[in-house]
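Visitor: I am new to this structure and should like to learn how to read it. Could we begin with the way strands pair?

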Amino acid sequence: MSVPTHPARPSPAGILHVVAGMIGGLAVGAALASGHLVAALISPSSSPFLAVGDTVIRFSPQPLTEFAKTTFGTADKPVLLGGMAVVLAILAVLTGLLARRRAAPGVSVVVVLGLLGLGAVILAPAFAPRDLVAPCVALVVGVAVFGVLHALARRTCSRTAQETGPGQVSRRAVLVGTSAAVAVASLASAGAGQFLGRGVEDSRQRVTERLARLRLAERAPAIPPGSAFPELGTPTFLTPNRDFYRIDVALRIPAQRAEDWALRIHGMVENELTLTFDDLLARPLVERTITMTCVSNPVGGDLVSTANFIGVDLRRVLLDAGVRPGADQVFATSIDGWYTGTPTDVVLEEGRGALLAVGMNGEALPPEHGFPVRMVVPGLYGYVSATKWLTDLELTTFGAESGYWLERGWAQKAPIKTQCRIDVPRGFATVPAGRVTVAGIAWSQPTGISRVEVRMDGGPWKEADLANEVNPRTWRMWRAEFELAPGSHTVQTRATDRNGNTQTEMRADPIPDGASGWPATIFTVT
Ligand SMILES: Nc1nc2c(c(=O)[nH]1)N[C@H]1C(S)=C(S)[C@@H](COP(=O)(O)O)O[C@H]1N2
Ligand SMILES: [Mo]
């Protein structure tokens, strides 16, 4: 039996492994970079890479989210993005290796990755049709780069050894040159995309200047002397903006100019309102010193900061809109599609001081703290009240809609728990024997702190000296002195609010409605 055979032709060698891997890497890299740049130009949240990251964050099972927060703290975002980059790089190289002989398998994987990016963009909460452009560009660029480099590499690498000659050298040069050009263009696009995303700086500058010129209806009283003792190692009374804690789920800070901003107030209201930034500044502006706290703050943690917020009284705005009976929830949505609900009765409480804030410590809100407009409600944890990059307020019921963190196991209503923190001595510090100063902060917004007690090594409670109170919506510093002998010591504290309620000793994790328990610090006296 004779089997027809082809004339002896050397079976085409595949592309060199290292070249194949590089082609995969360059194709995926170029796709992500071009998508990032186009997104920055059209709609920042539509960058496929960041959209995938957002999707991972939103669909992470709750235990994983908590694990990431407790393990990486506020570095969880860089860790996520870095991890994604590593996974993608490995996938990209494997994609290249899959296509050493034929382009088709590699192209298929690039297309699948591209479709994943597209899907992530479509699934984003604030999706709009123009968001499709960036992931589509990414997909096309990825396939094109893969196809072109693959064809060049096939021509370069499939030649047999004896065919080396001037033609071969130039083919290799073309491959190397094209690859280098793709690499440079990708880096440039990614960089430009990143840089363009910060295009609101001019608008912020103008807002800062306007706030400086405007007459405020109400200024925050100056912080009186004796309300803080940073020289001991406790925080300054006002937290500088760059040190103010930051918590949000945004991988890219929403970039909207104040001039393009508008807030819609609708739902169960008598008069639906749409306020532009100018409308907001035309209203009486007030300045309030407020301490904000994150529900995720563990006992002893640093997710608590204080600022002078400038803004419009939110209660007045809601009264103008006319809240209908039964609307027990003010449901806020941000530009990037995050959402939460605040109890209407709290916002409408006279003297609560809820704000639509536009300024922070004498300047426009920093981009990462909500520029151009955010909500601040004294006495409620941030996740149920402090929506940054605010764009929509709907008066509704708690039955009808649930906030982002409520859907992930956190409580619906979350008043801030009375809490305190020991700042000095630091944990496991060594201090000289004799008089030892213990100092820290305590908070119970909006009630205020009336007493902080300190005890050493389980001894009797002793009242700490309280610093001057600035207002009940802010933290209050405290200090106490002890005569201590050498050895290991444990100091404990507990705070009492102005209604006489002492914070509970019961230890509780932050989830679902805030950590509790008395802080304790172990240190050594020598
Ligand atoms: N748009 C948006 N607003 C948000 C969040 C968010 O993820 N997205 N996080 C909230 C949480 S949990 C807190 S504690 C505060 C923190 O505000 P800060 O970053 O200015 O300190 O913002 C709140 N507002
Ligand atoms: Mo938070």
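Guide: Strands within a sheet are joined by backbone hydrogen bonds, in a parallel or an antiparallel manner. In this predicted model, strand E14 (residues 449-456) pairs with E15 in the antiparallel sense over 2 bridges. Strands (E, at least two residues) and helices (H or I, at least four) are DSSP runs numbered from the N terminus, and two strands pair if DSSP finds at least two bridges between them. Within this pair, Val 454 stands opposite Lys 462 of E15.

Visitor: What is the order of the strands in the open sheet?

Guide: The order of its 5 strands is E12-E19-E18-E14-E15, and the pairing is mixed. Strand E12 (430-431) and strand E15 (462-463) are the edge strands, each pairing on one side only.

Visitor: On what basis are these residues numbered and these values obtained?

Guide: Residues are numbered from 1 along each chain as its sequence is written, while chains are lettered from A and ligands numbered from 1 in the order in which they are written. As the model is predicted, local features need pLDDT of at least 70 and side-chain atom pairs count only at pLDDT 80 or more, whereas totals for chains, interfaces and linings use all residues; side-chain values use heavy atoms, with hydrogens and water left out.

Visitor: Is Thr 418 buried or exposed?

Guide: Buried means under 20% relative accessible area, exposed over 50%, and partly exposed in between (1.4 Å probe, protein chains only). Thr 418 counts as buried because its relative accessible area is 16%. Thr 418 belongs to the loop between strand E10 (390-396) and strand E11 (419-424).

Visitor: Which residues does Thr 418 touch?

Guide: Contact means heavy atoms within 4.5 Å. Leaving aside residues up to four places away in sequence, Thr 418 touches Trp 443, Ser 444, Ile 449, Ala 495, Asp 497 and Gln 503. Its side chain also makes a polar contact with the side chain of Ser 444, at 2.8 Å. A polar contact is a pair of N or O atoms within 3.5 Å; within protein, one must be able to donate a hydrogen and the other to accept it, and residues adjacent in sequence count only if both atoms are side-chain atoms.

Visitor: How is the chain divided into domains?

Guide: The bounds, from an automatic or database domain assignment, give domain 1 (17-196), domain 2 (204-408) and domain 3 (419-525). The contact between domain 1 and domain 2 takes 20 residues from the former and 15 residues from the latter. Their C-alpha centres lie 38 Å apart.
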